[in-house]
Amino acid sequence: MDADEFDALIDEALTAKALKKSGHQRKVGRYWCSEIKKCVRASYFDFLGPELKGIDIKQLGIFESAIAAQDKLVEILSTHIAEKFNLEDAVQAETEVKVDVGDGAYLSGRADLLILFPKDETLVEIKSVGYSGALKHLNNDHRYQIMPYLKYYGYKQGLFCYVDRATLAHQSYSQTWDEKIWKECVWRVKEKHYFIQNKEYPPPEAMLDIAMRKQCDWCPWLDVCVDDWEDHNIKRVPD
């Protein structure tokens, strides 16, 4: 085996692990909690778009560092919380939930790390982040993402704890149950389901909504999406 062959072997192993971790096959009617606020056209392409290029190895490195940080937190928190609060099963890694929203659609979530405090009707979701700036405020999309978990457990409050995966610096933010946000979650999922189920091409939502436009910066479907932007009076910035 030469050096190039061994490098290829590493790429193969990392790719296999990433696919195993994220590899739930998409099923029409089943939508992830993490994509509630995702551009409706990007969600459409996730189900009906052309085949994408292979997995970016740089992204796999970020993925692996996030998993390592998560595993370390599980080990630390499980022991401490069990002793302090007498809650042996409070820390839940990769917890899956399912919440029906009607019209044949449901939300399916797999939180990397949840901590449940039944007495206070509070759940905490731990999110590892790759840069310290992410600790400074609650990501608005996460307000929507946590609602299905609160709905599933019947809890009144959710906490997001952002943890810098390099330094373990952390900052927590509170989000109470919000009926208005939940209704918007349901509406958005039903909207996605309608376009996908009927194979009806949706508008480029993220480009039309300035508050969502940042999604286009990392969208893998951008090159496909631009084809009809002129029909929506969107000018493409030259590469």
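## A tour of rings, a covered helix and a surface patch

Start by selecting Y173: its relative accessibility is 19%, so this residue counts as buried, the cut-off being under 20%. Before you go on, keep in mind that what you have open is a predicted model.

**Stop 1: pairs of rings**

Next, show the side chains of Phe, Tyr and Trp; the count comes to 11 aromatic pairs. Add Y162 to your selection and look at its ring together with that of Y173: the centres are 6.0 Å apart and the planes meet at 50°, so this pair is tilted. Now colour strand 5 (residues 157-164), where Y162 lies, and strand 6 (residues 170-176), which holds Y173. The pair therefore ties together parts that are 11 residues apart in sequence. How much relative accessible area does Y162 have? The value is 2%, so Y162 is buried.

Then select W177 and W182, another tilted aromatic pair, with 5.9 Å from centre to centre and 40° between the planes. Is W177 buried or partly exposed? With a relative accessible area of 26%, W177 is partly exposed, whereas W182, at 6%, counts as buried.

**Stop 2: helix 2 and what covers it**

Move to helix 2, residues 40-48. How many of its nine residues are buried? Seven are, so the helix is mostly covered. To see them, select V40, R41, A42, S43, Y44, F45 and F47. Now bring up what lies against these buried residues: the cover includes strand 1 (30-32), helix 6 (179-197), helix 7 (205-208) and helix 8 (222-225).

Stay with Y44 and F45 for a moment, and add Y201 and W221 to the view. Together, Y44, F45, Y201 and W221 form one aromatic cluster.

**Stop 3: charges over rings**

Which ring does K37 lie over? Select Y144 as well: K37 is over its face, 4.7 Å from the ring centre. For another example, pick K98 and Y106, where the charged end of K98 sits over the ring of Y106 at 4.4 Å from the centre.

**Stop 4: a patch on the surface**

Finish at helix 1, residues 3-22, and select F6 within it. F6 has a relative accessible area of 44%, which means that it is partly exposed. Which residues make a nonpolar surface patch with F6? Add L9 and I10 to the selection, and you have the patch of about 250 Å² that the three residues make. As you turn the helix, remember that an α-helix has 3.6 residues a turn, so residues three or four places apart point the same way.

Terms used: Residues numbered from 1 in each chain as written. Predicted model: local features only at pLDDT ≥ 70, side-chain atom pairs only at ≥ 80, totals over all residues. Heavy atoms only, no water. Buried < 20%, exposed > 50% of the residue type's maximum accessible area, 1.4 Å probe, protein only. Helix = DSSP H or I, 4+ residues; strand = E, 2+ residues; numbered from the N terminus. Contact = heavy atoms within 4.5 Å. Phe/Tyr/Trp six-rings, centres within 6.5 Å; stacked < 30°, edge-to-face > 60°. Lys NZ or Arg CZ within 6 Å of the ring centre and 35° of its normal. Patch = residues over 30% accessible without salt bridge, like charges linked within 9 Å, V, L, I, M, F, W, Y side chains within 5 Å. Areas by Shrake-Rupley, 256 points an atom, 1.4 Å probe, with all protein chains shown as cover. Salt bridge = Lys/Arg side-chain N within 4 Å of Asp/Glu carboxyl O.
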